[in-house]
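Student: Please take a close look at one strand of this model and its pairing, and then set beside it the surroundings of the bound ligand.

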Amino acid sequence: MAARSASTGSDVRKRLETLREEIRRHDYLYYVLDDPEITDAEYDSLFRELEQLEQAHPDLISSDSPTQRVGAKPSSAFAEVRHEQPMLSLGNAFSEQELRDFDRRVHERLDVDQVHYNAEPKLDGLALSLLYVDGELVRGATRGDGASGEDVTANVRTVGPIPLRLRGRDWPRRLEVRGEAYMTKKAFIALNEYQTQNGGKQFANPRNAAAGSLRQLDPKITARRKLAFFAYGVGLTEGGDLPVTQSAMLARLRDWGFPVSPEIEVVKDLDGCFDYYRRIGERRTALPYDIDGIVFKVDRFDYQQQLGFVSRAPRWAIAYKYPPEEATTRLLSIEVQVGRTGALTPVARLEPVQVGGVTVTNATLHNQDEIERKDVRKGDTVIVRRAGDVIPEVLRVIREKRPKGSRRFKMPQTCPECGSEVVRPEGEAVARCSGGLVCPAQRIQALIHFASRRAMDIEGLGDALIEQLVSEDLLKTPADIYRLHEHREQLVERDGWGEKSVANLLSAIEKSKATTLPRFLFALGIPEVGEVTAADLASHFGSLEKIEQAAKDYAGQLAELAGMDLKQAEYHRRLKALELQQVANVGHEIASKLAGFFHESHNLDVIRQLREFGVHWDDIEVADAGDQPLAGQTFVLTGTLASMSRDAAKEKLTALGAKVTGSVSKKTDYVVAGADPGSKRDKAEALGVAVLDEDAFLELVTGKS
Ligand SMILES: NC(=O)c1ccc[n+]([C@@H]2O[C@H](COP(=O)([O-])OP(=O)(O)OC[C@H]3O[C@@H](n4cnc5c(N)ncnc54)[C@H](O)[C@@H]3O)[C@@H](O)[C@H]2O)c1
Ligand SMILES: [Zn+2]
């Protein structure tokens, strides 16, 4: 028995030492470097374990234990400021019971029946002490280890919401205001974006960003960082008549020109505390700044005085924490999901972890760019965030814990669902499966769209029926619709069906075979190709073959341009000159979607089958090439025309059937040279291509001679 307790004793001692070591290390990372390695919740649970162990073994408490002090020693990069009144931390409550216990202790110690609390959101920033002498800001300091902090006066002066001079008159001669400097969620995102673009380090969260910004050696940097501030109390005061409650003090601070949280309320009892906690909790994700809990403070200052404080926190206040929105876990693998519209989304499979009150096993990684920016890899230890009802996401990687030999993630080149090519148009974040007509992930969406009224208009083939027929394996691609008659018997036997309804459906399907080119094109569900674009394409090209050809050409021409090492502007000019972009309202975005769709042979197979099953339409008469005076002629425009812009000239030429391209070759028929024509004209002459001056050009397009 004696032996056993001795060994337990040494175990406890060991655990205490490990915990203290660990916590000191995390304090240093958090308070000094502003670069934490673990989430606050994990830190809190280490801290809690230490507190509980010390409570059970009070004889083992040492004065240098993290439980006996606040924060960390100030950094030597700044002058030291001794706080005339210590800046304390706050006790925590993590459960209803702990808040009840707090309230009970307060009542017992004060021996009164009613205690009002001032309820304040606990902003996640860093505490500042601001000293005003004769109404003038003379010093700003961080909390540091509570006894002394860092002199950050020059930086504090750049923080817009902090008054340099107090308003009114009735302030004490010396006044120390305390409050929280913080960064809004918006400013935080903007800062990290700025850091990415300028190769700076990413901040883990708004708190670390705010702390890192205030603890800058160059105040100009602080000034750029858009810090905000809420005052929440006073420290030292000399002279003046001061309010006797926390709530009245805050009102006074507001009169003197300090921003004070608009959410603050006085609650009458414990129930009021719970109610306030719940109400703010519901709005937590919508607030413009991060909060990690509610601070309840005994409102009357005389009560506060009676209650006093323990080693690191006052007895008259408590921080009632919300469930953490972040947690650390391991990323088991990265899978790629294909959405109903063909968008590929990388998803992280995680070791199950509790976040925001639920178990999380998956988190979105958004897209390739995001994965690259965060450099997320299989096997990484990651921090996951889940705020409110938002989909959990991987926030960042803990690099220190990366296993050896890990590899960067690459998006697959073919769709994991159907094997079609994956395309990611230039300038877009989303990679897509191009197998719109065959991809199982896109199947239901594609079929619903295909059969819809404005597309193939198949009466009776609605959303619900399509979903059922897909689940019964009767439909995979739109072509299967025209094979449904082969399954007539199976259809008749379906619940609630009969000869009549099947006959109706099959006849609607039969009827849909006679369609129009614009409808058919629209029905294919090519991304970005709506009814209007489909109609424009149809009237420009006249037939599906020509559209298909132009789309395929576009992909080839694109590759060619990409290989030419052109200047941005020239590249875009040439891009615009490509045939497909001559169609009204078709720009690069739509053109590249068309190219992707028609490049995918799976899609072409389905179109071929549809036609074999009898889907048909009449080609459209395009103003016959022969009727157009400049049909088949290729023009290049160069130099400046006095009478019209280059775009207008191009429009005139295309209206007459000409093709306008960007570069001169042997195939060019005419070069139109305005003022300062440059090398194109020389090249035309070298190749023996006819050169028209502006007059000759005008004659040609206006038909006057
Ligand atoms: N992730 C890590 O590695 C790591 C390391 C150290 C500390 N931490 C985090 O920091 C916390 C401990 O830091 P702490 O000692 O600053 O305690 P705290 O942040 O839990 O509470 C005290 C602080 O709350 C702030 N506060 C916000 N609103 C307030 C209000 N209305 N009234 C009074 N104070 C208000 C003040 O800055 C005050 O100093 C831990 O709970 C942990 O979450 C994390
Ligand atoms: Zn696919």
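Tutor: Two strands pair if DSSP finds at least two bridges between them, and strands themselves are DSSP runs of E at least two residues long, numbered from the N terminus. The model is predicted. The strand chosen is β21, which spans residues 670-673. On one side, strand β19 (residues 634-638) pairs with β21 in the parallel sense, over 4 bridges; within this pairing, F635 stands opposite Y670. Strand β22 (residues 690-692) is also a parallel partner of β21, here over 3 bridges, and V691 in β22 is the bridge partner of V671. The side chains of β21 alternate: Y670 and V672 point one way, V671 and A673 the other, and all four residues are buried.

The second part of the request concerns ligand 1. Of the 24 residues around ligand 1, those that come nearest are Y30, D40, S89, E120 and A127. Two or more shell residues come from each of α1 (2-32), α2 (40-56), β3 and β4 (126-133), with α1 giving the largest share, 4 residues. By class, the shell holds 13 nonpolar, 4 polar and 7 charged residues. Ligand 1 lies between domain 1 (2-68) and domain 2 (80-321), because both give residues to its shell.

Strand β3 (residues 117-123) also holds K122, where an unreviewed UniProt entry places the feature "active site". K122 counts as buried because 22 other C-beta atoms lie within 10 Å. Leaving aside residues up to four places away in sequence, K122 touches I291, D292, G293, I294, V295 and A319.

Terms used. Residues numbered from 1 in each chain as written. Chains lettered and ligands numbered in written order. Predicted model: local features only at pLDDT ≥ 70, side-chain atom pairs only at ≥ 80, totals over all residues. UniProt positions renumbered as here; feature names shortened; annotations may be inferred. Buried ≥ 20, exposed ≤ 12 C-beta atoms within 10 Å, placed from the backbone. Contact = placed C-beta atoms within 7 Å. Near = placed C-beta within 6 Å. Nonpolar A, V, L, I, M, F, W, Y, C, P; charged D, E, K, R; others polar. Domains from an automatic or database assignment.
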